[in-house]
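Reader: Hey, I've got a structure to look at for class and no clue where to start. Can we go through it together?
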Amino acid sequence: MYVSLGVTYWVTLLLAVLAAFLLVRLFIIQHDCGHGSFFRSTRTATVVGSILGVFTMTPYHYWKRAHALHHATSGNLEKRGFGDIRTLTVNEYLSRGRWGRFKYRLYRHPLVLFGIGAALHFFVFHRLPIIAPREWRRERRGILLTNLALVGFIVAMSALVGFKAFLLVHLPIVLMSCSIGVWLFYVQHQFEPTYWEHDRDWAFDAAALEGSSYYELPQVLRWLTGNIGLHHIHHLNAGIPNYRLQRVLEECPDLGLVTRITLWQSIRCVSLTLWDESSRTLVPFSRTSGTTAL
């Protein structure tokens, strides 16, 4: 990519697409380190995960703890908030004033969710220790150390190739990977039919198999995304490393009897913005027209 800067920037951007997917794959390895599924040694997982966290701009210890909460509460209406795409019920949305509805609509707009918001999440949100509760001291310290390492990385690369060249090469990689990552996370839980239950009726296995998607991707994309499309298996047992998920599916064919989403079908999921408790489905904003809160 640095060599291509002397030819044409279009080649640089074309190569950035592949590099962005490879960065997503590094994130999946960091993800597995956080689950303790990639190495037998916890110390090795922590070291590798923390280093990768600099390149993915995701503080390892904070993300590890927040993501564990996501696995423990995914699909639970009373425990939304950590590691989720924010999702309101129809009644919660209708009970808000105009400003509250506008903010939620803006948040769920594709250009914000997968573009501006994705960049802000990784570039700004992950840089702030206050995103972690006050008692999460190790996680807050990890955010500061990740920030320090990022500064060192930027200074070193600027000294090596120049700050402008560094930005021209690295910025599109990171921006694309942020959008790809948020898109994958979105499709993993925002689809139909999916699973949301109140705490009293919530069940871990049902949330994993019904509330996490089986995202059928072409083989190349499966490899580049670390088989994360087999998300229902991952949620059922997070101790399975990404490179064994496909084998588990082949050896346990019943795990294939869940809702499957193709690449084309996943595009339609963008319009699903609210959980309708009466129909038990995710619905678009248009379904609230002329409706009042109960």
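Reader: Okay, which residues make a nonpolar surface patch here?

Author: Keep in mind that this is a predicted model. The patch is made by Ile116, Leu120, Val124, Leu128 and Ile130, and its area is about 480 Å².

Reader: Where does valine 124 lie?

Author: Valine 124 sits in a loop, with helix H6 (110-123) on one side and helix H7 (137-161) on the other.

Reader: And how exposed is valine 124?

Author: Partly exposed: the relative accessible area of valine 124 is 40%.

Reader: Switching to another loop: is threonine 225 buried or exposed?

Author: Threonine 225 has a relative accessible area of 2%, so it counts as buried, since the cut-off is under 20%. Its loop runs between helix H10 (219-224) and helix H11 (231-236).

Reader: What does threonine 225 touch?

Author: Leaving out residues up to four places away in sequence, threonine 225 touches Phe21, Ile28, Leu184 and Leu217. Its side chain also reaches the backbone oxygen of arginine 222, at 3.4 Å.

Reader: New topic, how many disulfides are there in the whole structure?

Author: Zero, going by a search of the whole structure.

Reader: Why no bond for cysteine 178?

Author: Because the closest cysteine sulfur, in cysteine 33, is 19 Å from the sulfur of cysteine 178, which is too far for a bond.

Reader: Is cysteine 178 buried or exposed?

Author: Cysteine 178 is buried, at 4% relative accessibility. Cysteine 269 is buried too, with a relative accessible area of 6%.

Key: Residues are numbered from 1 along each chain as its sequence is written. This is a predicted model: local features need pLDDT of at least 70, side-chain atom pairs count only at pLDDT 80 or more; totals for chains, interfaces and linings use all residues. Side-chain values use heavy atoms; hydrogens and water are left out. Patches are made of residues with over 30% relative accessible area and no salt bridge: like charges are joined within 9 Å, nonpolar side chains (Val, Leu, Ile, Met, Phe, Trp, Tyr) within 5 Å. Accessible areas come from the Shrake-Rupley method with a 1.4 Å probe; for residues, only the protein chains shown count as cover. A salt bridge is a side-chain nitrogen of Lys or Arg within 4 Å of a carboxyl oxygen of Asp or Glu. Helices (H or I, at least four residues) and strands (E, at least two) are DSSP runs, numbered from the N terminus. Buried means under 20% relative accessible area, exposed over 50%, partly exposed in between (1.4 Å probe, protein chains only). A polar contact is a pair of N or O atoms within 3.5 Å; within protein, one must be able to donate a hydrogen and the other to accept it, and residues adjacent in sequence count only if both atoms are side-chain atoms. Contact means heavy atoms within 4.5 Å. A disulfide is a pair of cysteine sulfur atoms within 2.5 Å.
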